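Welcome to a short tour of a protein model. Take a moment to turn the structure around before reading on.

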Amino acid sequence: MALAVSGLSVHYGSLAAVAEVDLAVADGEVLALLGPSGCGKSTLLRAVAGLEPATGRVRWDGTDLAGVPVHRREFGLVFQDGQLFPHRDVAGNVAFGLRMRRLPDRATRTAELLELVGLAGYERRRVTELSGGEQQRVALARALAPRPRLLLLDEPLSALDRALREQLALDLARVLRVAGTTALVVTHDHDEAFTLADRVALMRAGRITQVGPPAEVWRRPVDEDTARFLGCTRVVEATVESGVARCPVGEVALPWAPPGEVRLGLRPTALRTSPDTGVAGEVVERVHRRDHVRLRVRLAAGPLAGTLVDAVAGVTDPADEGSPVHLVLDQDGVALLPAEGLSRPG
Ligand SMILES: Nc1ncnc2c1ncn2[C@@H]1O[C@H](COP(=O)(O)OP(=O)(O)OP(=O)(O)O)[C@@H](O)[C@H]1O
């Protein structure tokens, strides 16, 4: 195990911003810390970097880093706004860590990194004349140049607009893989976490609530709060038999679900319009999204008659406000929750 964090806490007065966190990141692994605003993600990252006084342990390959200052931890840092040196050109920024460590072949390494982040030939450009996306690429190249043993990224893409963020998340995932980087990435964006990470650690109120591969966390959130954070807008009781879950809004194949009583977390995409089969309802609201239409539907029959549920329709579907629809369940929008506990009204 490369990074091992145990019993790590950070207090601001009486607030435990990070509370007794245990976390491990394996060699070459990318772990995303995902959680709502204010849950302590940045504070945890900063404590790992050595930027925040903390109790507990941060170890690298078994060696305790207590007392090792930030610049001697051999960690690379990338923040939301790049924090480039405005008076240096692109090469000057990328080579900064190499110069500090008196590493040789700085021009070759700089060119290599610029190539990796898609900015080949940008050496002499002024960083103040680059776009936000280009600046973040330079920040990434600068952090990777000295071959840090761990890369810490704090919301590296959140200052960028949506389309650029999606493209850069894919590029960043590729760069981290190609460089074999061990990384801890803080984000509040689910798509970003799932694009970048081998494993996702979900955080709430200073604590880690669940750690696992993205698909596992997505399919089996550990509790209802986590399911809601991951986009489930309704929780329903269900019974699973032979890999098929039956609930008041229909049935759906869930081969990975154990038999017996469970709860299902439904994301808006869990219910889709269907020409004539499925649970009946009436459209009360219709909003166009990029590649689908979001609906609010009042169910017309069954145990949940009168209840409003979220659903999706194709952009060309005639599911106008006031019109009747049928909804069927789609496995991809369904999360499996343990049976215990009461479900909250959505
Ligand atoms: N220097 C500080 N002094 C006092 N309280 C702080 C300080 N820094 C953070 N906090 C508090 O600690 C908690 C965790 O903050 P943190 O920035 O780590 O959350 P976060 O999950 O990264 O949030 P966001 O996604 O909004 O950046 C918050 O309640 C915040 O107000």
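The domain bounds used here come from an automatic or database domain assignment. On that basis the protein chain splits into domain 1, residues 3-219, and domain 2, residues 271-329. Taken over C-alpha atoms, the centres of domain 1 and domain 2 are separated by 41 Å. Please keep in mind that this is a predicted model.

## The whole chain

Let us begin with the overall view. The C-alpha trace of the protein chain spans about 75 × 45 × 40 Å along its principal axes. Nine helices and 20 strands are found in the protein chain. Of its 346 residues, 39% count as buried. Among contacts with a separation of 6 or more, 65% are made by residues 24 or more positions apart.

A record adds a label to part of this chain: UniProt, in an unreviewed entry, annotates residues 3-230 as "domain: ABC transporter". Over residues 3-230, helix makes up 35% of the chain and strand 26%. The end C-alpha atoms of this stretch are 26 Å apart.

## Around the ligand

Which residues surround the ligand? They are Tyr12, Leu15, Ala17, Gly35, Ser37, Gly38, Cys39, Gly40, Lys41, Ser42, Thr43 and His188. Two elements, β2 (15-25) and α1 (41-49), each give two or more residues to this shell. The largest share, three residues, comes from α1. Sorted by class, the shell has four nonpolar, seven polar and one charged residues.

Helix α1 deserves a second look. This helix is mostly covered, with eight of its nine residues buried. The buried ones are Lys41, Ser42, Thr43, Leu44, Leu45, Arg46, Ala47 and Val48. Just after α1 comes Gly50, with a positive phi of about 95°.

## Val10 and Pro53

Now for a residue in a strand: Val10 is found in β1, which covers residues 3-12. Is Val10 buried or exposed? Val10 counts as buried because it has 21 C-beta neighbours inside 10 Å, and the cut-off for a buried residue is 20 or more. Leaving aside neighbours within four places in sequence, Val10 is in contact with Ala17, Val18, Thr43, Ala47, Glu52 and Ala54. Two of these partners have already appeared in the shell around the ligand, namely Ala17 and Thr43.

Pro53 lies in the loop between α1 and β4 (55-60). Although 43 residues separate Pro53 and Val10 in sequence, their C-alpha atoms are 6.9 Å apart in space. Ala183 offers another distance to look at: it is 173 residues from Val10 along the chain, and the two C-alpha atoms are separated by 21 Å.

## Helix α5

Helix α5 runs over residues 132-144. Its 13 residues should span 18 Å at 1.5 Å a residue, and the end C-alpha atoms are 19 Å apart, so the expected and computed lengths agree. Ten of those 13 residues are buried, so α5 is largely enclosed by the rest of the structure. The buried residues are Gln135, Gln136, Arg137, Val138, Ala139, Leu140, Ala141, Arg142, Ala143 and Leu144.

What covers them? The cover includes strands β6 (75-78) and β7 (150-154). It also includes helices α2 (90-94), α3 (96-100), α4 (106-116) and α6 (162-179).

## Exposed residues in loops

Pro53 was introduced above as a loop residue. The table places it beside Arg102 and Ser242, with the neighbour counts behind each assignment.

| Residue | Loop between | C-beta neighbours inside 10 Å | Counts as |
|---|---|---|---|
| Pro53 | α1 and β4 (55-60) | 9 neighbours | exposed |
| Arg102 | α3 and α4 | 7 neighbours | exposed |
| Ser242 | β11 (234-241) and β12 (244-247) | 7 neighbours | exposed |

These counts lead to the label "exposed" because the cut-off is 12 or fewer.

The backbone of two of these residues is also worth a look. Most residues other than glycine have a negative phi. Arg102, not a glycine, has a positive phi of about 55°. Ser242 is likewise a residue other than glycine, and its phi is positive, near 50°.

Conventions: Residues numbered from 1 in each chain as written. Predicted model: local features only at pLDDT ≥ 70, side-chain atom pairs only at ≥ 80, totals over all residues. Near = placed C-beta within 6 Å. Helix = DSSP H or I, 4+ residues; strand = E, 2+ residues; numbered from the N terminus. Nonpolar A, V, L, I, M, F, W, Y, C, P; charged D, E, K, R; others polar. Contact = placed C-beta atoms within 7 Å. UniProt positions renumbered as here; feature names shortened; annotations may be inferred. Expected span 1.5 Å × (residues − 1).
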